[in-house]
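Me: Got a structure here that I'd like to go through with you. Can we take it piece by piece?

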Protein chains: 2
Amino acid sequence: MRPRQHISTVMVFLVLTPSVARPQMKSVGIDGVRTADSAWLKAYAAKDLDKTMAFCDEQSSVLPSNAPLATGKKAIVKLFAEAFASQDLTWHIDKAGVARSGDLGYTSGSYVMTFKDAIGKTLTDKGKYLTVWKKQADGSWKVLFDMFNSDLPSFSPS
Amino acid sequence: MRPRQHISTVMVFLVLTPSVARPQMKSVGIDGVRTADSAWLKAYAAKDLDKTMAFCDEQSSVLPSNAPLATGKKAIVKLFAEAFASQDLTWHIDKAGVARSGDLGYTSGSYVMTFKDAIGKTLTDKGKYLTVWKKQADGSWKVLFDMFNSDLPSFSPS
């Protein structure tokens, strides 16, 4: 396999639209995790850092492409603040599922992200994401893991 | 945020060692998902395609960096066969958890991968992974999602 030269960035991919679900596990709780995703999206789209961070706690990890893992509120808020300043995202949920016990769930799908390069040119990245959600004692959902990577090979001659 | 020029490849990151666990959810089932990871690693390290694929079914998705999603046995076996031919991996589990109902779990941690570039030079990539596991009717675990991305920014002047 040849190495690939890829133009990427530290993308913060967050949440999911309440679109067509293809649940892989029977559960009455799928609507809950999908609603949480939708609410996280709403907060993200508004670039409301406080509301976006309300879905994270000290156990949360965001796993960005081409950057280290960010775990806990302090690390994640830095990542999100940078993202709000530099990126626009759209996304589409493809799959969602919740354990029978309703305390652990996942969502996954695709994203499109646009950002400016160093000279102001708009670049577009397309990829996929996987989010693992944990239900809290009060019935709300928080993010355990949010991960994404690019579909684009971005080959260059080598 | 500046765009980043990143040398990457289609990495197939698979499984996890039975190392130090820091479970985030109380469950008696964490050992099960860790054992499954360890068994998947054993199959992968042996480059045994049949045994590796035994952890996947038509619902499984592998989400490689810089390549499209691979869902189902046909797509995944192609990805794994390419990986066996071109890559060496080590990995280390950092976190694992299982839902109270024991039917859904996750593992996450870090990897180091080496591969040859087009002129035979050995390159090293470091990154992180997130795997979601689904327990089967027979008590075994199979992969729902396996995702990974690089930690390396691989900046180039721009």
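Reply: One term before we begin: two strands count as paired if DSSP finds at least two bridges between them. Also, this is a predicted model.

Me: Fine. Where does that come in, say for Thr114(B) in strand 5 of chain B: what stands opposite?

Reply: Thr124(B), in strand 6 of chain B, stands opposite Thr114(B). Strand 6 covers residues 122–135 of chain B, and its pairing with strand 5 is antiparallel, over 13 bridges. Another bridge partner in strand 6 is Tyr129(B), which goes with Gly109(B).

Me: What's in the hairpin between strand 5 and strand 6 of chain B?

Reply: There are 5 residues between the two strands, and Gly120(B) has a positive phi near 90 degrees.

Me: And strand 4 of chain B with strand 5, how many bridges there?

Reply: 11 bridges, with the strands running antiparallel. Lys95(B) is opposite Ser108(B) of strand 5, and Gln87(B) is opposite Phe115(B) of strand 5. Strands 4 and 5 of chain B also make a hairpin, with 5 residues between them. Its turn contains Gly102(B), whose positive phi is about 75 degrees.

Me: What's the strand order in the sheet of chain B?

Reply: 3-2-7-6-5-4, an open sheet of 6 strands with mixed pairing. The edges are strand 3 (70–71) and strand 4 (87–98) of chain B; each has a single partner strand, so one side of each lacks a neighbour in the sheet.

Me: What holds strands together in a sheet, generally?

Reply: Backbone hydrogen bonds, in either a parallel or an antiparallel arrangement.

Me: Switching to chain A. How many helices and strands?

Reply: Chain A has 3 helices and 7 strands. Along the sequence the pattern reads β-α-α-β-β-α-β-β-β-β.

Me: How much of chain A is buried?

Reply: Buried residues are 54% of its 158 residues. As for surface, chain A exposes about 6,600 Å², with 57% of that supplied by carbon and sulfur atoms.

Me: What share of the contacts in chain A with a separation of 6 or more comes from residues 24 or more positions apart?

Reply: 62%.

Me: Tyr44(A) next. Buried or exposed?

Reply: Buried, because its relative accessibility is 3% and the cut-off for buried is under 20%. Tyr44(A) belongs to helix 1 (residues 30–45) of chain A. Asp88(A) is 44 residues away from Tyr44(A) along the chain, while their C-alpha atoms are 9.9 Å apart.

Me: Cavities now. How many of 30 Å³ or more?

Reply: The structure has 2 of them. The second largest holds about 30 Å³ of space.

Me: Which residues line the second largest one?

Reply: Leu104, Gly105, Tyr106 and Val132 of chain A, and Leu104, Gly105, Tyr106 and Val132 of chain B. The elements giving two or more residues to that lining are strand 5 (104–116) of chain A and strand 5 (104–116) of chain B.

Me: How does that lining divide into nonpolar, polar and charged?

Reply: Into 6 nonpolar residues, 2 polar and no charged.

Technical notes: Residues numbered from 1 in each chain as written. Chains lettered and ligands numbered in written order. Predicted model: local features only at pLDDT ≥ 70, side-chain atom pairs only at ≥ 80, totals over all residues. Heavy atoms only, no water. Helix = DSSP H or I, 4+ residues; strand = E, 2+ residues; numbered from the N terminus. Buried < 20%, exposed > 50% of the residue type's maximum accessible area, 1.4 Å probe, protein only. Contact = heavy atoms within 4.5 Å. Areas by Shrake-Rupley, 256 points an atom, 1.4 Å probe, with all protein chains shown as cover. 1 Å grid on protein atoms, 1.4 Å probe; cavity = no way out; pocket = protein on both sides within 12 Å on 5 of 7 lines; lining within 4 Å. Points joined across faces, edges and corners; volume = space filled by probe spheres on them. Nonpolar A, V, L, I, M, F, W, Y, C, P; charged D, E, K, R; others polar.
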